[in-house]
Amino acid sequence: MATISNGQVLAGPINPMVTPLLTDLYQFTMAYAYWKAGKHNERAVFDLYFRKNPFGGEYTVFAGLEECIKFIANFKLADDEIDFVRQSLSSSCEEGFYKYLSGVDCSEVEVYAIQEGSVVFPKVPLVRVEGPIALLETPFLNLINYASLVATNAARHRFVAGESKMLLEFGLRRAQGPDGGIGASRYCYMGGFHATSNVAAGKIFGIPLRGTHSHAFVSSFMSPDEIIDKLLHSSDKRSTCEDFVSLVQTWLSKIQWSNSLNGTFGETNHSELAAFTSYALAFPDNFLALVDTYDVMRSGIPNFCAVALALNDLGYKAAGIRLDSGDLAYLSSEARKIFRIIEKEFGVPGFGKTVITASNDLNEETLDALNKQGHEVDAFGIGTHVVTCYAQAALGCVFKLVEINNQPRIKLSEDVTKVSIPCKKQSYRLFGKEGYPLVDIMTGENEPPPKVGERILCRHPFNESKRAYVVPQRVEELMKCFWHGPGGVREDLPPLKDIRERCISQLGKMRPDHMRRLNPTPYKVSVSAKLYDFIHFLWLNEAPVGELQ
């Protein structure tokens with residue numbers, strides 16, 4: 001059942017499996033222990049953050065917030081869910097606890113977060129949850145970890161490919177099940193991909209769809225004799241070609257006898273030509289051929305050109321070719337040469353710019369290698385490596401208690417990277433003279449915000465020697481309220497397209513050395529001097545003092 005908040009209808013999460021039971025058992029065992037101790041209504045503050053950027057990089061794209069807000073807006077344990085919890089917990093648990101669970105919702109919860117699609121950094125809270133101790137830790141982590149990892153992976157692939165290239169997500173068949181496939185399509189698009197092959201994701205999220213045919217379609221034809229309906233109307237419907245197959249054959253002969261091509265092309269595979277012709281008859285306004293079923297240069301390219309030129313006679317423009325194997329740099333460059341020669345010899349404007357799409361298990365490394373070798377690829381179809389996040393399995397977000405009943409709390413560890421930053425905080429991004437972000441700074445809730453033109457001391461949370469003064473030219477407050485109960489004032493949840501544009505815009509404003517694929521410069525995350533002092537005061541106060549014997 002949908003909730004109405006801020007005039008927006010907040011239906012539940014896209015995935016119907018995201019229910020209050022999508023959690024770890026210890027969430028319910030702790031909930032019972034809290035209830036038993038009378039602590040279940042105490043007001044707590046939790047921070048959700050990560051400790052290290054993924055993929056060896058120095059930035060992360062925040063994703064998954066919308067699903068979290070939809071989850072809490074509709075949070076309610078059904079009777080059968082409570083019955084299952086009862087069966088799963090110890091028989092010693094009192095019945096009053098289950099009555100309490102039947103009334104649990106998120107009406108008293110407040111959620112503050114960085115806007116989805118933002119570039120974010122370690123230690124800075126992505127989400128702050130305030131309210132009675134609830135059952136939100138595991139579902140929030142589940143909804144944000146994978147989403148942010150995929151969006152970041154997509155953004156990294158986009159950065160390496162270059163802004164002028166189109167990126168197509170082709171990963172559904174290799175994704176980790178239906179959930180992984182749908183989520184990957186959504187968050188790849190958010191991270192900067194242009195389209196997906198996933199029809200369900202296209203319907204649900206409005207992502208543009210792209211796709212043509214497989215090698216099976218090409219090899220399913222034996223000869224042009226299989227094509228029964230050879231008629232094709234011109235694009236303006238003013239004329240009709242009664243035998244499109246013969247028109248294609250005529251053009252193939254012209255190409256083979258072309259003076260400019262100097263006999264480059266001999267006999268081609270006729271079954272491939274039949275497949276291309278048949279596909280063009282079905283989709284004359286969107287003909288894109290997979291040219292590597294038999295031989296790219298000896299058969300695929302000349303067969304494509306023959307069909308494309310026949311379509312051109314009828315006012316259609318071929319969409320392009322796809323390369324799915326072989327030396328992509330060499331093949332794309334050779335194909336481009338052929339297209340330019342044909343444009344010049346036969347006077348077909350724009351044919352030299354025919355779109356070349358490449359696929360074949362692409363990843364960041366292969367994209368980088370193609371750039372270094374030089375290539376003529378216009379679009380990349382990327383699947384396995386982007387949707388499975390093959391280079392790194394998880395982001396590692398955590399959900400830590402930082403305050404309860406207005407009392408700051410800290411989590412200590414012998415590993416300093418796992419020490420939490422206590423208390424309710426505000427976060428700001430400080431920008432320098434060139435317009436780039438310089439540093440993110442966390443302050444105590446009641447500290448005055450940084451001001452433009454005023455010098456502020458930024459300190460590393462745990463390393464006393466790392467500190468710097470900053471005079472910000474612009475200050476951006478990062479945390480905004482996205483949930484304040486059903487009737488509370490909150491930020492609207494923007495459409496996916498707007499989140500994608502925010503992501504691309506923010507990435508474009510980062511300093512280039514932070515964005516490098518290899519050995520990027522670390523982005524600075526800091527705390528105010530006052531918060532630094534408090535962290536170390538609380539650390540000393542909470543850490544046991546040893547005694548030497």
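Colleague: What lies between β18 and β19 in their hairpin, and which turn residue has a positive phi?
Modeller: The hairpin leaves 5 residues between β18 and β19, and G435 in the turn has a positive phi of about 90 degrees. Strands here are DSSP runs of E with at least two residues, helices are runs of H or I with at least four, and both are numbered from the N terminus. This is a predicted model, where local features need pLDDT of at least 70 and side-chain atom pairs count only at pLDDT 80 or more, while totals for chains, interfaces and linings use all residues. Residues are numbered from 1 along each chain as its sequence is written, and side-chain values use heavy atoms, with hydrogens and water left out.

Colleague: How do you know that β18 and β19 pair?
Modeller: Pairing asks for at least two bridges found by DSSP. β18 (residues 425-431) and β19 share 7, in the antiparallel sense, so they qualify. Within this pairing, L430 has V439 of β19 as its bridge partner.

Colleague: What does β19 do with β24?
Modeller: β19 runs parallel to β24 (residues 524-528), joined by 4 bridges; V439 stands opposite K524 there.

Colleague: Why is β19 called largely enclosed?
Modeller: Buried means under 20% relative accessible area, exposed over 50%, and partly exposed in between (1.4 Å probe, protein chains only). In β19 (residues 437-444), 7 of the 8 residues are buried, so the strand is largely enclosed by the rest of the structure.

Colleague: Nice! Why is the pair of F462 and W539 called edge-to-face?
Modeller: Phe, Tyr and Trp rings (for Trp, the six-membered ring) pair if their centres lie within 6.5 Å; planes under 30 degrees apart are stacked, over 60 edge-to-face, the rest tilted. F462 and W539 are 5.9 Å apart, centre to centre, with 85 degrees between the planes, so the name fits. F462 lies in the loop between β20 and β21 and W539 in helix α17, so the pair ties together parts that are 77 residues apart in sequence.

Colleague: Are those two residues buried or partly exposed?
Modeller: F462, at 16%, counts as buried, whereas W539, at 22%, is partly exposed.

Colleague: What makes the pair of F534 and F537 tilted?
Modeller: Their planes are 35 degrees apart and their centres 6.3 Å, so neither of the other labels applies. F537 is exposed, at 52%, while F534, at 28%, is partly exposed.

Colleague: Last one: why does R474 count as sitting over the ring of F431?
Modeller: The rule wants NZ of Lys or CZ of Arg within 6 Å of the ring centre and within 35 degrees of the ring normal. R474 lies over the face of F431, 3.8 Å from the ring centre. Likewise, the charged end of R128 sits over the ring of Y112, at 4.5 Å from its centre.
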